[in-house]
Amino acid sequence: MKSLRLGIAGLGAASRQILSVIHKAEGVELAAGADIRPEALDEFTGKYGGAVFDDVEALCRSDAVDAVWIATPNVFHAEHTVTAAEHGKHVITEKPMAVTLEEADRMVSAAACNGVKLLQGHSKVYDPPVRRMREIISSGRLGRVIHIQTMNYNNWLQRPRIASEVDTGQGGGLVYRQGPHQTDIVRCLGGGLVKSVRAVTGRWDPNFDTEGNFAAMLEFEDGTVASMSFNGYGYFDVTELTWDIGEGGYLVERKAKGERLAGPIAAQEKYQIAARHAASADRMHQPFFGLTIVSCERGAIRQSPDGLYVYTQDGREEVACGPRYGRAAELIELRAGLVEERPVFPDGTWGKASLEVCLAMLQSSKERREIRLEHQVPCPF
C-alpha cells in the first residue's frame with residue numbers, strides 16, 4: 001500500500017500529542033493541517049511543511065489527503081467526521097466520539113455509506129496493559145471476570161481550561177472528557193456488553209459549573225460488575241499509588257500547591273500554554289490511567305510499572321506487555337486495517353457504545369435511578 005496521507009483537522013492542544021509521534025507509524029505521512037487561526041497554520045507550515053487550510057471542508061476536499069484526524073472541539077466531531085466521510089476520507093476522531101447518540105449515528109452511517117473506515121481515537125484500549133489484561137482474561141486461565149475496579153484522582157479541573165472544556169452542554173466536564181477513558185477500559189476488560197449504569201456525578205468546585213467527580217457502577221450482561229470513580233479536583237493524585245507513573249508512562253514531578261483556578265481561561269492563553277508544554281514522545285514506563293484491578297474466579301490482575309502482576313493461589317507473577325506507541329497506535333491500526341482489508345478496532349460502533357455509558361452516567365445522576373443500555377457491542381478479542 002502507498003503511504004497513508006494524513007490531514008489534521010484542528011491544530012490545538014490535542015493535535016500536539018499526535019504530531020509528535022506520527023513518525024512512529026510506518027507508512028503514514030503528514031500531508032496537511034486545518035485550523036481557523038492563521039498563527040496555527042503558520043506554525044504548522046514552519047514545522048511540518050504540509051498544505052494548510054483555514055476550513056475543515058477544504059481539507060477534506062483535498063486530493064493530497066487520504067485520512068483525516070478530527071481534533072476539533074467536541075461539538076464539531078460529528079459535523080467534521082461526516083464531511084470527511086462524504087469526501088471519501090478515512091476518519092480518526094478524538095474522544096468523546098460525539099456529544100449525543102444521534103450525532104454518533106450520523107457518523108457511523110456516513111462512514112458506512114461512503115465505504116471509509118471510522119476509528120475511535122484517544123482510547124485506552126490501545127494501551128498495551130489493557131490489551132494484555134484482556135488477552136489473559138480471554139485465555140480463560142483465571143476463569144470468568146467477577147469485578148473490575150478502576151479509579152483515578154488527578155487535577156483535571158485545575159489544569160488551564162477554556163470555556164467549552166468546562167461546559168457540559170458542549171461536551172465538556174469530567175464525564176464527557178475523561179469518562180470515555182475509564183469506560184473503554186472496563187468495557188474492554190468486561191467484554192463490552194454493559195447492561196445498565198447507576199452513577200452519581202458532582203460539581204463541587206464553585207469556580208466551574210461542570211462535573212468534577214463521578215462514581216459509577218456498571219453491570220454487564222453476563223453479571224460482571226465494574227466500578228469506576230474519578231476525582232479531578234486536584235487535592236490527591238492517584239500516581240502516589242502507581243509508582244509515581246502517570247498517563248503516558250512518564251514519572252510525575254511533585255510540585256508545590258499553588259492558588260486554585262478561578263475559572264476558564266481565554267483560548268489564546270490555552271494555546272500558548274499547550275505550545276510550551278508539548279508532550280514528549282519518549283516515555284519511561286507503560287502508561288497508567290489511574291489504578292485498575294480485575295478480579296476473576298481464580299485470580300486477579302493489575303499493572304506493574306512495566307507490565308502486569310497476575311495473582312493466583314501460587315503467588316504473584318509478572319507478565320510483560322507489548323511495545324507502546326502512544327498516540328501513534330491509532331494510525332498503526334488504521335493503516336493495518338486498510339492493508340489487511342479488515343475492520344478496525346475500536347470503530348464507530350464501539351465509540352457510540354462508550355458514549356452511551358457516559359450519557360447514562362449523567363442521566364442516572366440527574367434522575368437518581370439505574371439506566372438500561374441499548375447500543376452496546378462486544379469486544380472482538
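Here are three short exercises on this structure, which is a predicted model.

**Exercise 1.** Find which strands stand at the edges of the open sheet of 9 strands.

*Solution.* Start with a bit of background: strands of a sheet pair through backbone hydrogen bonds, either parallel or antiparallel. Now write down the strand order, which is E14-E13-E12-E11-E7-E10-E9-E8-E15, with mixed pairing. Next, look at the ends: E14 (315-320) and E15 (371-372) each have a single partner strand, so one side of each is left without a neighbour in the sheet. Finally, check how E15 is held: 2 bridges join it to E8 (residues 194-202), and the two run antiparallel. In one bridge, Val197 is partnered with Ile371 of E15.

**Exercise 2.** Work out which strands helix H11 lies across, then do likewise for helix H6.

*Solution.* Take H11 (residues 348-367) first: it lies across E8, E9, E10 and E15, at about 60 degrees to E8. Then go to H6 (residues 128-139), which lies across E7, E11, E12, E13 and E14 and runs at about 165 degrees to E12.

**Exercise 3.** Decide whether Glu341, Arg368 and Phe236 are exposed or partly exposed.

*Solution.* You need one cut-off: exposed means over 50% relative accessible area. Glu341 has 74%, so it's exposed. Arg368 has 51%, so it's exposed too. Phe236 has 31%, so call it partly exposed. Now place them: Glu341 sits in the loop between H10 and H11, Arg368 in the loop between H11 and E15, and Phe236 in the loop between E10 and H9. Phe236 also joins Tyr235 and Leu241 in a nonpolar surface patch of about 320 Å².

Notes. Residues are numbered from 1 along each chain as its sequence is written. This is a predicted model: local features need pLDDT of at least 70, side-chain atom pairs count only at pLDDT 80 or more; totals for chains, interfaces and linings use all residues. Side-chain values use heavy atoms; hydrogens and water are left out. Two strands pair if DSSP finds at least two bridges between them. Helices (H or I, at least four residues) and strands (E, at least two) are DSSP runs, numbered from the N terminus. Contact means heavy atoms within 4.5 Å. Axes are lines fitted to C-alpha atoms, for helices over the stretch in contact, and angles run from 0 to 180 degrees between N-to-C directions. Patches are made of residues with over 30% relative accessible area and no salt bridge: like charges are joined within 9 Å, nonpolar side chains (Val, Leu, Ile, Met, Phe, Trp, Tyr) within 5 Å. Accessible areas come from the Shrake-Rupley method with a 1.4 Å probe; for residues, only the protein chains shown count as cover. A salt bridge is a side-chain nitrogen of Lys or Arg within 4 Å of a carboxyl oxygen of Asp or Glu. Buried means under 20% relative accessible area, exposed over 50%, partly exposed in between (1.4 Å probe, protein chains only).
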